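Visitor: Please take a close look at one part of this model, the helix packing and the charged side chains beside it. I would like one connected account.

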Amino acid sequence: PQNPKTPYILKFEFLINNFLNINKRMGGAESKMIGELLDAILCGREGKVARLLKKEPKLAMCEFYGGVTNPVCRATYLGHRNIVSLLLKYGADVNK
């Protein structure tokens, strides 16, 4: 029988499972900060990104979605130039 799930549901399940696996590996607090950083980047909240990076600079080099992307890639894709500059200031690697 065919899988009744649409590609969107399968992708969503993949992302949630990766998030849960990251949460187990890193611990709840760091994982929460990564989630907050992703949300701030997606919403273009430069101030929030700056506060998170000031508190935890290594967030600039974290991975999203199980390593599929990272903060500087997301910010670049979304056209958030000031956020990209902030991430680079805190050591984000554009070649990662």
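Guide: **Helix packing and a salt-bridge network**

The axes of helix H3 (residues 46–55) and helix H5 (residues 81–89) come within 10 Å and cross at roughly 10°, where axes are lines fitted to C-alpha atoms, for helices over the stretch in contact, and angles run from 0 to 180 degrees between N-to-C directions. That angle makes H3 roughly parallel to H5, a label given to angles under 35 degrees, while those over 145 count as roughly antiparallel, 65 to 115 as roughly perpendicular and the rest as oblique. Helices (H or I, at least four residues) and strands (E, at least two) are DSSP runs, numbered from the N terminus. This is a predicted model, in which local features need pLDDT of at least 70 and side-chain atom pairs count only at pLDDT 80 or more, whereas totals for chains, interfaces and linings use all residues. Residues are numbered from 1 along each chain as its sequence is written, and side-chain values use heavy atoms, with hydrogens and water left out.

From H3, the residues Glu46, Val49, Ala50 and Leu53 meet Asn82, Ile83, Leu86 and Leu87 of H5, contact meaning heavy atoms within 4.5 Å. By class, this contact of H3 with H5 has six nonpolar, one polar and one charged residues; Ala, Val, Leu, Ile, Met, Phe, Trp, Tyr, Cys and Pro count as nonpolar, Asp, Glu, Lys and Arg as charged, and the others, Gly among them, as polar.

Helix H3 also takes part in a salt bridge, through Lys48. Glu36 forms this salt bridge with Lys48, the closest N and O atoms being 3.5 Å apart, and the criterion is a side-chain nitrogen of Lys or Arg within 4 Å of a carboxyl oxygen of Asp or Glu. The pair links distant parts of the chain, since Glu36 lies in helix H2 and Lys48 in helix H3, 12 residues apart. Salt bridges that share partners join Lys32, Glu36 and Lys48 into one network, and the count by this rule comes to two salt bridges. In the other bridge, the side chains of Glu36 and Lys32 meet at 3.9 Å, N to O; both residues lie in helix H2 (residues 28–43), four residues apart, about one turn of the helix.

As for accessibility, Glu36 is partly exposed, with a relative accessible area of 24%, and Lys48 is likewise partly exposed at 23%, while Lys32 counts as exposed at 56%. Buried means under 20% relative accessible area, exposed over 50%, and partly exposed in between (1.4 Å probe, protein chains only).
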